[in-house]
Amino acid sequence: MIVGVPKEIKRDEYRVALLPVGAEELVRAGHRVLVEEGAGLGSGLADQAYEKNGAELISSAAEVFGQADLVLKVKEPLPVEWPLIRAGQVLFTYFHFAADRPLTEAILKSGATAAAYETLRDDQGRLPLLTPMSEVAGRMSIQEGAKYLERPQMGRGILLGGVPGVAPAHITILGGGIVGANAAKVAAGFGADICLLDINMDRLRYLDDVMPANVDVLFSDRHTVREQLQRADLVIGAVLIPGAKAPRLIERADLALMKPGSVIIDVAIDQGGCVETSRPTTHSEPTYIVDEVLHYCVTNMPGAVGRTSTYALCNVTLPWALQIANRGIERAAAELRPVARSINIMGCEVTNQAVATTFGLPCSHRFEG
Ligand SMILES: NC(=O)c1ccc[n+]([C@@H]2O[C@H](COP(=O)([O-])OP(=O)(O)OC[C@H]3O[C@@H](n4cnc5c(N)ncnc54)[C@H](O)[C@@H]3O)[C@@H](O)[C@H]2O)c1
């Protein structure tokens with residue numbers, strides 16, 4: 001197979017879909033690997049590193065799309081890329097179709113197969129190609145929170161860990177899933193005083209067992225959330241109800257409970273956010289202030305730490321990319337259920353029920369189960 005890796009062109013996107021070691025693995029398995037010049041630069045990966053490992057450098061995205069049977073990407077194809085996509089070609093990337101009707105229509109029209117990272121589900125119901133980005137965002141939320149609590153960034157002027165004789169910051173984390181647990185772990189390392197809230201009792205029992213002593217694990221209800229807001233210097237929004245908009249846990253009136261200069265990092269903003277006053281921001285303008293509370297609501301946090309995110313993403317995508325390249329998409333889907341579940345569109349038909357329902361389109365159930 002010819003495997004193509006175009007350079008990502010979305011704003012603030014520094015990741016790339018393949019590491020040099022991935023190029024070597026694919027070439028060793030008998031495939032040709034075409035990498036667009038400069039594709040890895042945002043992640044500090046030079047063209048020569050790919051070339052040394054058997055990839056061929058290509059000067060334009062048009063040529064990569066023109067030749068590749070399997071295109072590996074990070075973000076969804078943008079409108080300028082749509083005309084380059086060919087019938088029969090397989091695209092393996094994040095699509096998030098439900099948020100983008102024109103993209104759905106463009107891929108349907110193209111006749112290409114869309115295998116989406118976000119719906120590749122294993123037999124335990126986990127989404128292994130989403131997990132590493134939640135790990136990155138969770139850990140990064142504390143780093144960003146620490147920065148925006150500094151006075152020159154308009155924060156309260158608080159050091160997360162305090163110093164001997166001065167209390168550490170109080171951090172409230174709403175949601176104890178992957179983002180929340182990773183945030184708690186990093187915050188604990190800073191020496192902050194942390195409360196981690198969730199509604200899933202099994203999850204709370206697990207977190208209670210594994211978290212360090214400076215993390216208290218609490219059941220999340222309206223009273224506890226309001227009580228926490230009065231204490232918190234930093235609030236991390238990390239809730240998720242799969243397939244639904246994030247539940248709203250903080251209303252505008254609740255901001256009055258918070259201390260001036262406190263910070264909210266709403267990681268759940270990509271699902272609408274769990275704070276009424278949250279609205280999506282970008283890395284170029286990440287924050288704004290409402291009622292003296294600083295809000296940070298960047299929708300693609302991992303993009304800022306492109307190198308770490310590229311490694312974290314490629315570690316989990318490469319094994320599947322190899323399976324698709326080695327078997328071809330039809331056989332990979334027939335033999336590997338996670339691959340079948342990743343396919344959202346094939347042969348001008350939607351094959352994912354959630355995408356079909358969102359847009360009122362017919363759904364082929366050939367990959368169900
Ligand atoms: N902004 C970004 O760049 C970025 C990056 C990665 C993930 N995310 C988002 O972060 C969010 C969390 O992702 P995750 O991987 O940790 O999900 P997850 O499913 O692992 O965890 C979500 C947790 O929220 C809990 N929850 C649900 N309702 C709750 C409530 N009312 N109160 C308290 N807890 C509640 C669930 O029980 C679960 O434990 C998602 O919206 C995800 O899309 C954003």
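## Close-up views of a predicted model

**View 1. C348 in the loop between β14 and β15.** With a relative accessibility of 47%, C348 counts as partly exposed. The model shown here and in the views below is a predicted one. Have a look at the backbone of C348: phi is near 65°, a positive value in a residue that is not glycine. The partly exposed label follows because 47% falls between the 20% and 50% limits.

**View 2. M154, another loop residue with a positive phi.** M154 is placed in the loop that runs between α5 and β7. Its phi is positive, about 80°, although M154 is not a glycine. Is the residue buried, partly exposed or exposed? M154 has 48% relative accessibility and so counts as partly exposed.

**View 3. A nonpolar patch on the surface, made by L159, V163 and V166.** These three residues together form a patch of about 270 Å². L159 sits in the loop between α5 (131–148) and β7 (170–174). At 56% relative accessibility, L159 is over the 50% limit and therefore counts as exposed. Here is a general point to set beside this view: in soluble globular proteins, nonpolar side chains tend to be buried together.

**View 4. Helix α4 and what its buried residues pack against.** Helix α4 covers residues 101–110, and its buried residues are L103, T104, A106, I107, L108 and S110. Which elements do they pack against? The strands are β5 (90–93), β6 (113–116), β14 (343–346) and β15 (349–350), and helix α12 (353–359) joins them. Do check both ends of the helix too. At the start of α4, a side-chain oxygen of D100 comes to within 3.2 Å of the backbone nitrogen of L103. After α4 comes G111, with a positive phi near 80°.

**View 5. The largest nonpolar core and a second, separate one.** The largest nonpolar core holds 44 residues. Helix α9 (residues 306–327) gives the largest share of this core, nine residues. Which residues have the most contacts inside the core? They are L18, L26, L70, L72, F92, I324 and V339. If you centre on V339 and leave aside its neighbours within four places in sequence, you will find V339 in contact with W320, I324, I329, A332 and A333. The second core is separate and has 34 residues, among them M140, I142, I173 and A183.

**View 6. S220, a buried loop residue.** S220 belongs to the loop between β9 (215–219) and α8 (222–231). Its relative accessible area is 12%, under the 20% limit, so S220 is buried. What does S220 touch, apart from its neighbours within four places in sequence? The contacts are L197, D198, I199, V225 and L249.

**View 7. The salt bridge between D122 and R126.** The closest N and O atoms of this pair are 2.9 Å apart. D122 is buried, having a relative accessible area of 13%. R126, in turn, is partly exposed at 49%. For context, a search of the whole structure turns up 21 salt bridges.

**View 8. D193 and R231, a salt bridge between distant parts of the chain.** The two side chains meet at 3.3 Å, N to O. D193 is in strand β8 (residues 193–198) and R231 is in helix α8, with their positions 38 residues apart in the chain. Are the partners buried or partly exposed? D193 has a relative accessible area of 26% and is partly exposed. R231 is also partly exposed, with 41%.

**View 9. R222 and D254, also joined by a salt bridge.** The distance here is 3.1 Å, N to O. This pair, too, links distant parts of the chain: R222 lies in helix α8, whereas D254 is in the loop between β10 (234–237) and β11 (263–266), and the two are 32 residues apart. R222 is partly exposed, with a relative accessible area of 36%. D254 is buried, with a relative accessible area of 2%.

**View 10. A salt-bridge network of E8, K73 and E81.** These residues are joined into one network by salt bridges that share partners.

Terms used
Residues numbered from 1 in each chain as written. Predicted model: local features only at pLDDT ≥ 70, side-chain atom pairs only at ≥ 80, totals over all residues. Heavy atoms only, no water. Helix = DSSP H or I, 4+ residues; strand = E, 2+ residues; numbered from the N terminus. Buried < 20%, exposed > 50% of the residue type's maximum accessible area, 1.4 Å probe, protein only. Contact = heavy atoms within 4.5 Å. Patch = residues over 30% accessible without salt bridge, like charges linked within 9 Å, V, L, I, M, F, W, Y side chains within 5 Å. Areas by Shrake-Rupley, 256 points an atom, 1.4 Å probe, with all protein chains shown as cover. Salt bridge = Lys/Arg side-chain N within 4 Å of Asp/Glu carboxyl O. Polar contact = N/O pair within 3.5 Å; in protein donor to acceptor, adjacent residues only side chain to side chain. Core = buried A, V, L, I, M, F, W, Y, C linked by side-chain atoms within 4.5 Å.
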